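Open the model in your viewer and keep the selection panel at hand. This tour goes from the whole chain to its internal spaces, then to a pair of helices.

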Amino acid sequence: MQPSAPARRWTPPGPLDLGLVLTPLRRGPADPTYRATPDGAFWRTSRTPEGPGSLRITAVGDQVEAHAWGPGAAWLLDGLPALLGADDDPGALVPRHRLVALSQRRRPGLRLTRTGLVLETLIPTILEQKVTTDEAYRAWRLLVRRHGEAAPGPTPGLFVLPDARTWSLVPSWEWHRAGVDDKRAATILRAARVAHRLEETAGLPPEQARARLELIPGIGPWTSTETVQRSHGAPDAVTVGDLHLPGIVGYALTGNRDADDTAMLDLLAPYAGQRHRAARLILLSGRVPPRRTPKMPRVHIGRL
């Protein structure tokens, strides 16, 4: 660790599991903007309002220690508590199902992250629209490594995602090479053109932020919700339109693996205000229906 790197120590207001809090920000095991290392550290890169930055976070007893590098270092350290769920209230959820109660008891360190950055979550979420996660992760990895920049500091091979202008200049053949179809690429380009307005939504309530995001053609409820869950730490932003989540929630709570969005929302209604947290706890319980259909096939856009 470079002794000159800006650092901060912070004491969480309660139990904190760094992995549970930060893992939703990772886009696959080879995400070029995120890394968990064998020494227990979590590395993350961001393009902050002050510029690119790298952040290394470790648990030290009952405290958290963070070091940061790059022009965005001070911004990242200032936002450390929010990133680790300081503004979140895990106790706001009152379990209405035994499974949720058990999962909550077993995961006392679960808090909802709030990055305060919109575009860095929105773009990989758009890449995940209607494709397998493997395809989306590959596209994110290739595009960030190709068009991003090496992360500042002694980072373990990490990159900072491109800025809005760079995204807008990615040529069509680069999207194609990364396996991104024209529709998703066009949605990202539209978002990049109004990036400043989108970043302003970080200061809005989640529902208002979602409404502004959905003004962009190609961004619907699934994408806006998945974004504000991370950028805003929104405890009630439950994802609808997901291929798997309704069946998982239905199976976990009632044994109904064929539940649709309407059935899922009915089951989560007792958790109004905390539906996203309830869904996270259900997912963490490990009670998922056994697979009975093949995985969604990979799409090779070169053959279209």
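The stops below say what to select and what is there.

**Whole protein**

Start with everything shown as a cartoon. This is a predicted model. The protein has 15 helices and 7 strands. Its radius of gyration is 19 Å, close to the 19 Å from the globule rule for 304 residues, so the protein is as compact as a globular protein of that length. Now show C-alpha atoms alone. Along the principal axes, they fill a box of roughly 55 × 50 × 35 Å.

**Largest cavity**

Turn to the enclosed spaces. How many cavities of 30 Å³ or more does the structure hold? There are 2 of them. Select L25, T33, R44, E120 and W140 and show sticks. Among the 13 lining residues of the largest cavity, these five lie nearest its centre. The space inside is about 140 Å³.

Next, colour β3 (42–48) and α5 (119–127). Each of these two elements supplies at least two residues of this lining. Which element gives the most to the lining of the largest cavity? It is α5, with 3 residues. Colour the lining by class: 5 residues are nonpolar, 3 are polar and 5 are charged.

**Second largest cavity**

Keep R44 selected. R44 is one of the residues nearest the centre of the largest cavity, and R44 also lines the second largest cavity. Add the other lining residues here: L55, W75, L76, G79, L83, R114, T115 and L117. The second largest cavity holds about 60 Å³ of space. Its lining divides into 5 nonpolar, 2 polar and 2 charged residues.

**Second largest pocket**

Keep L117 and move to an open space. The second largest pocket holds about 210 Å³. Its lining has 15 residues, and R47, T48, L117, L119 and E199 are the closest to the centre. L117 therefore deserves a label of its own: L117 lines the second largest cavity and is among the residues closest to the centre of this pocket.Colour β3, α5 and α10 (195–200). Each supplies at least two residues of the pocket lining. Which element provides the largest share of this lining? That is α10, with 3 residues. By class, the pocket lining has 8 nonpolar, 3 polar and 4 charged residues.

**α5 against α12**

Stay with α5 and add helix α12 (residues 221–231). The two axes come within 9 Å and cross at roughly 140°. Is the crossing left-handed or right-handed? α5 passes α12 in a right-handed crossing.

Show the side chains at the contact. On α5, select T121, L122, T125 and I126. On α12, select W222, T223, E226, T227 and R230. The contact residues divide into 3 nonpolar, 4 polar and 2 charged.

**Last view**

End with α5 highlighted. α5 supplies at least two residues to the lining of the largest cavity and at least two to the lining of the second largest pocket. α5 also makes the contact with α12.

Definitions and conventions:
Residues are numbered from 1 along each chain as its sequence is written. This is a predicted model: local features need pLDDT of at least 70, side-chain atom pairs count only at pLDDT 80 or more; totals for chains, interfaces and linings use all residues. Side-chain values use heavy atoms; hydrogens and water are left out. On a 1 Å grid over the protein atoms alone, a cavity is a set of points where a 1.4 Å probe fits but cannot get out, and a pocket is an open set with protein on both sides within 12 Å along at least five of seven lines; lining residues have an atom within 4 Å of a point. Grid points are joined across faces, edges and corners, and a volume is the space filled by probe spheres set on the points. Helices (H or I, at least four residues) and strands (E, at least two) are DSSP runs, numbered from the N terminus. Ala, Val, Leu, Ile, Met, Phe, Trp, Tyr, Cys and Pro count as nonpolar, Asp, Glu, Lys and Arg as charged, and the others, Gly among them, as polar. Axes are lines fitted to C-alpha atoms, for helices over the stretch in contact, and angles run from 0 to 180 degrees between N-to-C directions. A crossing is left-handed if the near helix is turned anticlockwise from the far one by less than a right angle, and right-handed if clockwise. Contact means heavy atoms within 4.5 Å. The radius of gyration is taken over C-alpha atoms; the globule rule is 2.2 Å times the number of residues to the power 0.38.
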